[in-house]
Amino acid sequence: MDRTTSGWINGFLGVVIFSGSLPATRVAVADFHPLFLTGARAAIAGLLAILLLAAFGEKRPVRTDLLPLAVVALGVVVGFPLLTALALEHVTAAHSIVFVGLLPLATALFGVFRAGERPKPAFWLFSCLGSALVAGFALKAGLTTSPTGDMLMLAAILACGLGYAEGARLSRRLGGWQVISWALVLSLPVMVALAVATVPPTLETTGGPAWLGLAYVSVFSMLVGFVFWYRGLALGGIAGVGQLQLLQPFLGLALAATLLGEAVSPAMLAITLAVILCVAGAKRFAR
């Protein structure tokens, strides 16, 4: 199997794992405050990362790696979860998908600026079309007007795109699981403090599903998913593999329909097929 194919397979596995974050988060926030969930998921993942790094005897990053790792931590460990949690206090979940549809473009742009990738012009056509389909679907599902929420979501997308691109660049030298593990360790003091500061006054009324949701976003969304995702970006190309994120909202909704009994409309299925075609087109012209 060549590097590009392996990269796309790993990237797809990462997106599938990330897609489970939507139903898991919906279940978890029924009993947990979004800020506590943000801090707790990163703190738990950070502690697991310490065990993982110790078990494999990984050497500490060199001094020149600390700033890029800090960028990864600020982008995907702290920035995106926290900013989206704050944004969802002002906008609907459907409205937030408008911005999630821009994430592949943001990742591709940072891949150009930070990793020196040069996709073909046709790639940008398919990328923009796919993002427009996702954004259009979200706008039809529900529209809100909140400048505060929109600015927070835009900041979240930029932070996440930069964190993805920077992490993928580092993964080519350090390895995917090492990058996310060290980023989690760097952010651990801040995220533990956030979790402690926002811990619910009582946990006795917290239901089992909420704990399962917290466990999923802590272990899979915050750690395991990034192992596949960063490896995929490093092998298959940041701009190209990043387009797989266009599938994430629809995979998440499919999981929500399966696990939570939410309806999936024929329009959703049609747009999903169109997005898949856009991803296939972007893959062809990514390099």
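User: A crossing is left-handed if the near helix is turned anticlockwise from the far one by less than a right angle, and right-handed if clockwise. Is the crossing of helix 1 past helix 10 left-handed or right-handed?

Analyst: The model is predicted: local features need pLDDT of at least 70, side-chain atom pairs 80 or more, while totals for chains, interfaces and linings use all residues. Numbering starts from 1 along each chain as written, and side-chain values use heavy atoms, without hydrogens or water. Helix 1 spans residues 3-19 and helix 10 residues 208-236 (helices are DSSP H or I runs of at least four residues, numbered from the N terminus). Helix 1 passes helix 10 in a crossing that is left-handed.

User: How are helix 1 and helix 10 oriented to each other?

Analyst: Their axes come within 7 Å and cross at roughly 160 degrees (lines fitted to C-alpha atoms over the stretch in contact; angles run from 0 to 180 degrees between N-to-C directions). Over 145 degrees counts as roughly antiparallel, and oblique is 35 to 65 or 115 to 145. Helix 1 and helix 10 are therefore roughly antiparallel.

User: How are helix 2 and helix 10 oriented to each other?

Analyst: Helix 2 covers residues 21-28, and its axis lies 7 Å from that of helix 10. The angle is about 140 degrees. The pair is therefore oblique.

User: Which residues does Cys160 touch, beyond four places in sequence?

Analyst: Cys160 sits in helix 8, residues 147-174. Cys160 is buried (under 20% relative accessible area, 1.4 Å probe, protein chains only), at 2%. Its C-alpha is 7.6 Å from that of Leu103, 57 residues apart along the chain. With contact meaning heavy atoms within 4.5 Å, Cys160 touches Gly75, Val76, Phe80 and Leu103.

Notes
Helices (H or I, at least four residues) and strands (E, at least two) are DSSP runs, numbered from the N terminus. Buried means under 20% relative accessible area, exposed over 50%, partly exposed in between (1.4 Å probe, protein chains only).
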